[in-house]
Amino acid sequence: MSTAVLVAAVVGGGVLLLMRRLFPTQKAVKLLRFPAGTMRGKTVIVTGANSGIGKALAGELLKLQARVVMACRDPRSAEEAAKDIQKAAGPEQGEVVIKQLDLASLRSVRRFCEEIQQEESKIDVLINNAGIYQCPYMKTEDGFEMQLGVNHLGHFLLTHLLLDRLKASAPSRIVVVSSKLYKYGQINFDDPNSESSYNKSFCYSQSKLANLLFTLELARQLDGTGVTVNALTPGIVRTKLGRHVQIPFLAKPLFYLASLVFFKSPLEGAQTPLYLACSPEVQGVTGKCFANCEEEELLAKATDDQAAKKLWDVSRRMVGLAD
Ligand SMILES: NC(=O)c1ccc[n+]([C@@H]2O[C@H](COP(=O)([O-])OP(=O)(O)OC[C@H]3O[C@@H](n4cnc5c(N)ncnc54)[C@H](OP(=O)(O)O)[C@@H]3O)[C@@H](O)[C@H]2O)c1
Ligand SMILES: *[C@@H]1O[C@H](CO)[C@@H](O)[C@H](O)[C@H]1NC(C)=O
């Protein structure tokens with residue numbers, strides 16, 4: 001009995017130490033507090049608002065009385081999420097609008113934007129949050145590698161088609177959810193859809209680097225318009241993002257335990273995008289990347305103006321915007 005307890009303690013302790021090395025302790029997250037009604041009268045679009053960071057973020061925005069457009073692939077899942085956040089938001093809350101958006105289909109992106117143009121007289125904040133991580137090789141409806149297609153190209157077209165409305169609503173903001181894993185990526189201009197070979201971690205990193213380069217070039221183009229665009233890296237957050245990652249059956253409970261201890265909760269993970277969407281501190285700030293509500297230093301590959309310009313042109317051609 002006592003030996004078993006001892007063994008369990010030693011093994012458990014060892015696992016925790018190992019996890020601590022793998023997932024360096026993140027700074028304790030202080031939850032933001034904005035005055036009630038901070039977002040009253042503001043319309044905010046959140047992609048991927050039915051799950052994880054996007055859902056927590058939508059919930060916080062609703063509490064601050066925003067009109068929250070939940071742009072989601074699966075309307076049923078969006079409705080369930082909407083019920084949850086409405087229940088949690090209390091009596092003085094904003095409004096929820098559910099809109100179908102599949103970022104793996106340019107047709108769907110175009111239809112979504114047409115509906116928004118008709119139904120929303122202004123857009124104060126656009127939050128490009130939806131993402132897919134390390135899926136098996138798949139292509140979007142338009143033949144793009146899935147991770148680049150959803151994480152970058154779908155959002156690229158979405159942002160482009162909403163820009164006039166954002167400009168007309170200035171001062172307005174665009175918030176882009178990237179990832180620190182951008183560090184392991186490059187933009188493979190020779191084969192953006194990874195047709196000659198597929199490396200799922202590389203492609204995720206490529207798509208998240210693309211998010212940062214997009215932010216850089218868009219900020220340059222929007223200079224003087226009153227529309228700002230900033231990116232962020234949320235840290236490691238307990239969400240459904242790892243759905244395509246295989247964890248050996250026996251390791252699952254341990255992984256789950258470790259995630260409870262070392263990962264941010266979705267609400268904690270939502271703080272930096274919430275900050276960028278709401279805080280007066282970042283009024284007028286543009287073209288930056290944030291982590292834990294502070295400006296983050298990026299590697300040179302993410303601040304390369306030439307690469308950003310080149311990616312912009314390639315993306316325009318890929319989504320059919322080039323003349
Ligand atoms: N969790 C982390 O540790 C972490 C770390 C760094 C960066 N991030 C970034 O954080 C963002 C949010 O991810 P999360 O962690 O909250 O993961 P999540 O719980 O899996 O949420 C991802 C969201 O993206 C949506 N989505 C995926 N493919 C889509 C498509 N084709 N069209 C429309 N929506 C689509 C999902 O919709 P369905 O539910 O319908 O699939 C879901 O709402 C992502 O951009 C991710 O790269 C997360
Ligand atoms: C896949 O890409 C990752 C990230 O860029 C890299 O570390 C890894 O070595 C690559 N794997 C293979 C088999 O090339």
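The following legends describe three close-up views of a predicted model.

**View 1. Strand S4 and the strands that pair with it.** Strand S4 (residues 125-128) is covered on both faces, with Val125 and Ile127 buried on one side and Leu126 and Asn128 buried on the other. Strand S1 (residues 43-47) pairs with S4 in the parallel sense over three bridges, and within this pairing Val44 stands opposite Val125. Strand S5 (residues 172-177) also pairs with S4 in the parallel sense, over four bridges, and here Val175 of S5 is the bridge partner of Ile127. Together with helix H5 (residues 146-168), S4 and S5 make a right-handed β-α-β unit.

**View 2. The buried and exposed sides of helix H7.** In helix H7 (residues 252-262), the buried residues are Ala258, Ser259 and Phe262. These residues lie on the same side of H7, because the arc that they cover around the axis is only 105°. Pro253, Leu257 and Val261, by contrast, are exposed on the other side of H7. As a general background to such a pattern, an α-helix has 3.6 residues a turn, so residues three or four places apart point the same way.

**View 3. The surroundings of ligand 2.** Tyr184, Asn199 and Phe202 surround ligand 2. A polar backbone atom of Tyr184 is 2.9 Å from an oxygen atom of the ligand, while Asn199 places a polar side-chain atom 2.4 Å from an oxygen atom of ligand 2. On its own, ligand 2 has 360 Å² of accessible area, of which the protein covers 35%.

Notes. Residues are numbered from 1 along each chain as its sequence is written. Chains are lettered from A and ligands numbered from 1 in the order in which they are written. This is a predicted model: local features need pLDDT of at least 70, side-chain atom pairs count only at pLDDT 80 or more; totals for chains, interfaces and linings use all residues. Side-chain values use heavy atoms; hydrogens and water are left out. Buried means under 20% relative accessible area, exposed over 50%, partly exposed in between (1.4 Å probe, protein chains only). Helices (H or I, at least four residues) and strands (E, at least two) are DSSP runs, numbered from the N terminus. The arc is that of the directions from the helix axis to the C-beta atoms. A residue is near a molecule or strand if one of its heavy atoms lies within 4 Å of it. A polar contact is a pair of N or O atoms within 3.5 Å; within protein, one must be able to donate a hydrogen and the other to accept it, and residues adjacent in sequence count only if both atoms are side-chain atoms. Accessible areas come from the Shrake-Rupley method with a 1.4 Å probe; for residues, only the protein chains shown count as cover. Two strands pair if DSSP finds at least two bridges between them. A crossover is right-handed if, with the strands pointing away from the viewer, the path from the first strand over the helix to the second runs clockwise.
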